[in-house]
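Student: Could we go through this structure together, one feature at a time?
Tutor: Gladly! Have a look at it here.

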Amino acid sequence: MIIRVRTPQKQHRLDVDASNDIVVLRKKISELLSVPPDAFQLARDPNGSQPVVQSVGVTLAALGLRNGDLVFATPTTTTVATSPTATATVPEVEKLPPRLVDQDPVDDYLERRTGQIKRSASPLCKHGALGMCDYCMPLEPYDAKYLEENKIKHMSFHAYLRKTITQNKTPPPGSHHFIPPLDELDLSVKIPCPSKTHEPYPAGICTKCQPSALSLQSQSFRLVDHIEFETPSLIENLLQFWRSTGYQRFGYLYGRFEPYTEVPLGVKAVVSAIYEPDQAGAKDGIQINMEDPQNASVDELAKLLGLTRVGIIFTDLTDDGTSTGKVICKRHSESYFLSSAECIFAAQQQSQHPVKSRYSETGNFGSRFVTCVVSGNEEGNIDISSFQVSNTCMAMVNADIIEASVNPSLMRVKESTLKHYVPEVFFKYKNEYGIMVQEAAKPTFPIEYLLVTVTHGFPANPSPTFISSPSFPIANRQAIGISQTMGALKSHLNSNSSLSTALADFHALLYLKESHILEKDDMDLAAEVARTKTPESAIALTFRGSWRTLITILGEGSDPMQTDEVPRQGGSNSAGGGRGNSSGSSSASWACEHCTYVNVGTASSCEMCGLPKDGR
């Protein structure tokens, strides 16, 4: 029979016989812990309040242990003397202490919530207003009937975590008996082998070092439940490129994670900006420069703004030729939603952005990185579909055991070689007779087993982070005649109502950062102006030396980012109307005494810093 043994490091499965003495079980556990058989406590619960009798001569059956039972083995000491000169030390596990894991603020917030689903009084209730019974007591966030009635296919991550903690009776993270309830799936061969009885793979392999066979099933939970785009213009700007060229477009989503109240203990990704990296588009695909050094600079700017990279988005659009704005529906239940190649790419991106969790042995568990596809729906309209791939898919990609197939709806399992071991993969489905059968993935299986669907939408009352109007040109759009220049920046600053509004533009801030004109502290302040939109911060920025240098450069019309001369406006090289260098404009402009910005003559206060013209 199989006895499950949970140690402080991980959970093991031991093959024993019911007629074996308890000494046999303790000996096998001692080999796992690398300690003597009397140097650990064996109990039926993690707190050790139900110890297993250790008398010699008592069989496992007599102790009431049955096939599949779980026991807990806790070492009583970390170092045990075996001789006057030698000691045996319990090996350390490569994991982060629970209290040192830097979780996302949304996880810390949801941990403190009960997550219980309140219910009103039922006609079956027989108690008073202050009473409670089975018909009106709150439900747990993972209640199966509630999820089914509300058509929630995947429970939230924190509901799944709460369910796992309840089932395992896991004590709090600060407890001495705390064992992380979450395990990241690892499908690679363990090198070296824990048994230490043979040479590392491929010279040898055994059941202790080889990964177990994998039975695929739909993931019951999801790390992020909803994607909210702050404003529809984010999608419209992406579609503008396709409408102008017919080429597909790719972008990184930047935003933040917030609680999502529509799902018990849910999390939503709020998208504030889309950055389009260096890429070569085509009508049927996209080539992306994944090594673009500017990607790191974009991440740094996002961090200054309190944002992070939350996902990717790309278009897959083909006009239907009717000149009615309709597009061809390519992705549906009879074809595919994400191709096998896109699933592998999504898994790679998710692995680079793991979720930090103190309830995981490694400190990481899954990912909240999302993949959005802008394509045609069954009505021929442009629509967004949002997905994640499962933790199993991430593990399979990390272990390099799957590859893209010629058929986009099928994933191919690689074959084992002398240098690369691939475990067996199975999946279940209903045959033509309605019977559930299991089949080996030799060599392919449907990608539906790897997908997790995510809802998306727009807020009823938008309150976008970036509010500049008009907006600054988007980067890497030279193909449609859009360039980021100092002339464009000058026009952008002059066109907005205030400095705080002008800087509330992700692409303008990125251009400023890449120009290297502003010093680091001043760039940080500019990001603070965009984030807080306070007049005090904007005024403080106008007195900074590097900002005045920028204003001088704009006034002179030179462009350190380009070799071509910036286009002149009204026959002048000026920024904001001129600096008095050309006839007809000197009398119609004035320089601010506070920030040296050149304003038009009709303005009574400085357009840049907002201070009065007369200096008082």
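Tutor: A residue counts as buried when its relative accessible area is under 20%. Keep in mind that this is a predicted model.

Student: Is Thr 485 buried or exposed?
Tutor: Let's place Thr 485 before judging it: this residue sits in the loop between strand 25 (451–457) and helix 9 (486–495). Its relative accessible area is 17%, and the cut-off for burial is under 20%. Thr 485 is therefore buried.

Student: Which backbone nitrogen does the side chain of Thr 485 reach?
Tutor: A polar contact needs a pair of N or O atoms within 3.5 Å. The side chain of Thr 485 has such a partner at 3.0 Å. That partner is the backbone nitrogen of Ala 488.

Student: Within what arc do the buried residues of helix 13 fall?
Tutor: In helix 13 (residues 535–542), the buried residues are Ser 537, Ala 538, Leu 541 and Thr 542. Viewed down the helix axis, they line one face, because their directions fall within an arc of 140°.

Student: And which exposed residues does the face of helix 13 turned away from its buried side carry?
Tutor: An α-helix has 3.6 residues a turn, so residues three or four places apart point the same way. On helix 13, the face turned away from the buried side carries the exposed residues Pro 535 and Glu 536.

Student: Which residue lies over the face of Tyr 252?
Tutor: For a charge to sit over a ring, CZ of Arg has to be within 6 Å of the ring centre. Here the distance from the ring centre of Tyr 252 is 4.1 Å. The residue is Arg 309.

Note on methods. Residues numbered from 1 in each chain as written. Predicted model: local features only at pLDDT ≥ 70, side-chain atom pairs only at ≥ 80, totals over all residues. Heavy atoms only, no water. Buried < 20%, exposed > 50% of the residue type's maximum accessible area, 1.4 Å probe, protein only. Helix = DSSP H or I, 4+ residues; strand = E, 2+ residues; numbered from the N terminus. Arc of directions from axis to C-beta. Lys NZ or Arg CZ within 6 Å of the ring centre and 35° of its normal. Polar contact = N/O pair within 3.5 Å; in protein donor to acceptor, adjacent residues only side chain to side chain.
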